[in-house]
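Hi everyone, thanks for coming. Please have the sequence and the picture open while I talk, and follow along with me.

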Amino acid sequence: MDAGLLGTGHYVPENVLTNQDMEKIVDTNDEWIRTRTGIEERRIASDDVDTSDMAFFAAQNALNEANMTAEDLDMILVATVTPDTPFPSVACMLQDRLGAGKVAAMDISAACSGFMYGMVTAKQFIETKAYKNILVVGVEKLSKITDWSDRNTCVLFGDGAGAAVVGPVSEGKGILSFELGADGSGGKELYQDKNNHLQMNGREVFKFAVRQMPESSVNVIEQLGYNKEDVDYLIPHQANIRIMESARERLGISKDKMADSIKKYGNNSSASIPIALSEAVRDGKIKDNDLVVMVGFGGGLTWGAVALRW
Ligand code: ACO
């Protein structure tokens, strides 16, 4: 039995922070942000909206699209590095708020690769028939760990949530191949410091990303014996348009076949891939039988990719 996506959904806060707004916060400018990153604006959650709230809204949308209720779920996985609290987990909060049964629920910490780790974890439980329907959420309230005085990082991030219900699909469909990896020796390049702020060596992370994203994208295709030309749609982690382009160019696909939500939302860490996925589905960019590649990288350092037959 193969595991695929039965429904997707997302939520982004209403409050928009444009590059012009950023110019009033730090010494930066719209042109620099746009050309170096591709970002034009980002969404910031208000003080009374925490990570679990955004996870809840996205999860409801995914369940609706899957024509399911929370009672149909056998497990809840939430990828986040910005939980409301280290414990209880966001997954447990979500289980209670959705009204799901007393099913297994846990958070996954793999930074921007978190949703990839979540999907691959769900796939294992489904294919071994241990569980049937698993809710996987990627959610971040990065604004609460952003150092708003550091122009090197604060212009990059935004808040939001994306979700998918993963469950059994017919043979040959769903998540066909995957690659997950980690290199703990690179932890110092991207981490949360003692003041709870995100710290990053941008140049080192950039170098890692432009090597790893294209490589992992190709690996999941080659595992299947497919060629790059077989890829119909690419959803890279929305960290920087130049990094995303490196994966797109390696696969040799046209710009309209790559999800590009970074303009509107910035980098949402583990939420970026599921938000882009949900929007692509909603906008009809992914069609029945399409071969979709999703690929991410992030703090850890971590990386992950899946190839999925829609
Ligand atoms: N506005 C204006 N100037 C800026 C800004 C800003 N917001 N930020 C940095 N600069 C300056 C720097 O100070 C530097 O000036 P200097 O040469 O006088 O020192 C100059 O711009 C160039 O800096 P670079 O680091 O060379 O800029 P680069 O082209 O590498 O872009 C960036 C920086 C966008 C951060 C890039 O390195 C990048 O995208 N790295 C990867 C980031 C990433 O993907 N992180 C993932 C984190 S997600 C997670 O796991 C939570």
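Find strand E4, residues 75-79, and strand E6, residues 134-140: the two run parallel and are joined by 5 bridges. If you want one pair to look for, alanine 79 has glycine 138 in E6 as its bridge partner. Please keep in mind that this is a predicted model.

Now let's zoom out to the sheet. In which order do the 5 strands of this open sheet come? The order is E1-E7-E6-E4-E5, and the pairing is mixed. At the edges sit strand E1 (2-11) and E5, each of which pairs on one side only. From one strand to the next, the twist averages 20 degrees.

Two helices to find next. Helix H3, residues 51-65, packs on the sheet and touches E1, E4, E6 and strand E7 (160-169). The direction of H3 makes about 125 degrees with that of E1. Helix H5 packs on the sheet too, touching E1, E4, E5, E6 and E7. Here the angle is about 170 degrees, between the direction of H5 and that of E6.

Let's move along the chain to another pair of strands. Strand E11 (residues 233-236) and strand E12 (residues 291-298) pair in the parallel sense, over 4 bridges. One link to look for is isoleucine 235, whose bridge partner in E12 is methionine 294. Look at the side chains of E11 as well: Tyr233 and Ile235 point one way, Leu234 and Pro236 point the other way, and all are buried.

This brings me to some record information. In an unreviewed entry, UniProt lists residues 222-310 as "domain: Beta-ketoacyl-[acyl-carrier-protein] synthase III C-terminal". In our model that span is 30% helix and 22% strand, and its end C-alpha atoms lie 18 Å apart.

The unreviewed UniProt entry also has an "active site" annotation, and it covers Cys112, His237 and Asn267. These residues are spread over 156 residues of sequence, yet they cluster in space, with a largest C-alpha distance of 8.9 Å.

Let's visit two of them. Cysteine 112 is in the loop between strand E5 (104-108) and helix H5 (114-127). Why does cysteine 112 count as buried? Because it has 32 C-beta neighbours inside 10 Å, and the cut-off for buried is 20 or more. Beyond its neighbours within four places in sequence, cysteine 112 is in contact with a set of residues including His237, Ala239, Ser272 and Gly298. So you can see on your screens that the list includes His237, one of the residues in the annotation.

Asparagine 267 is in a loop as well, between helix H9 (262-265) and helix H10 (272-282). Is asparagine 267 buried or exposed? It is buried, because 23 other C-beta atoms lie within 10 Å. Not counting residues up to four places away in sequence, asparagine 267 touches Leu156, Phe157, Gly158, Gln238, Ala239 and Ser272.

Last stop, the ligand. How many residues surround the ligand? There are 24, and the closest are Thr28, Gly202, Ala239, Asn240 and Gly298. Helix H2 (30-37), helix H6 (151-154) and helix H7 (202-222) are the elements that give two or more residues to this shell. H7 provides the largest share, 5 residues. By class, the shell has 12 nonpolar, 9 polar and 3 charged residues.

Thanks for listening, and I'm happy to take questions.

Definitions and conventions: Residues are numbered from 1 along each chain as its sequence is written. This is a predicted model: local features need pLDDT of at least 70, side-chain atom pairs count only at pLDDT 80 or more; totals for chains, interfaces and linings use all residues. A residue is near a molecule or strand if its C-beta atom, placed from the backbone, lies within 6 Å of it. Ala, Val, Leu, Ile, Met, Phe, Trp, Tyr, Cys and Pro count as nonpolar, Asp, Glu, Lys and Arg as charged, and the others, Gly among them, as polar. UniProt positions are given in the numbering used here, feature names are shortened, and annotations may be inferred rather than shown by experiment. A residue is buried if 20 or more other C-beta atoms lie within 10 Å of its own, exposed if 12 or fewer, and partly exposed in between; C-beta atoms are placed from the backbone. Two residues are in contact if their C-beta atoms, placed from the backbone, lie within 7 Å. Two strands pair if DSSP finds at least two bridges between them. Axes are lines fitted to C-alpha atoms, for helices over the stretch in contact, and angles run from 0 to 180 degrees between N-to-C directions.
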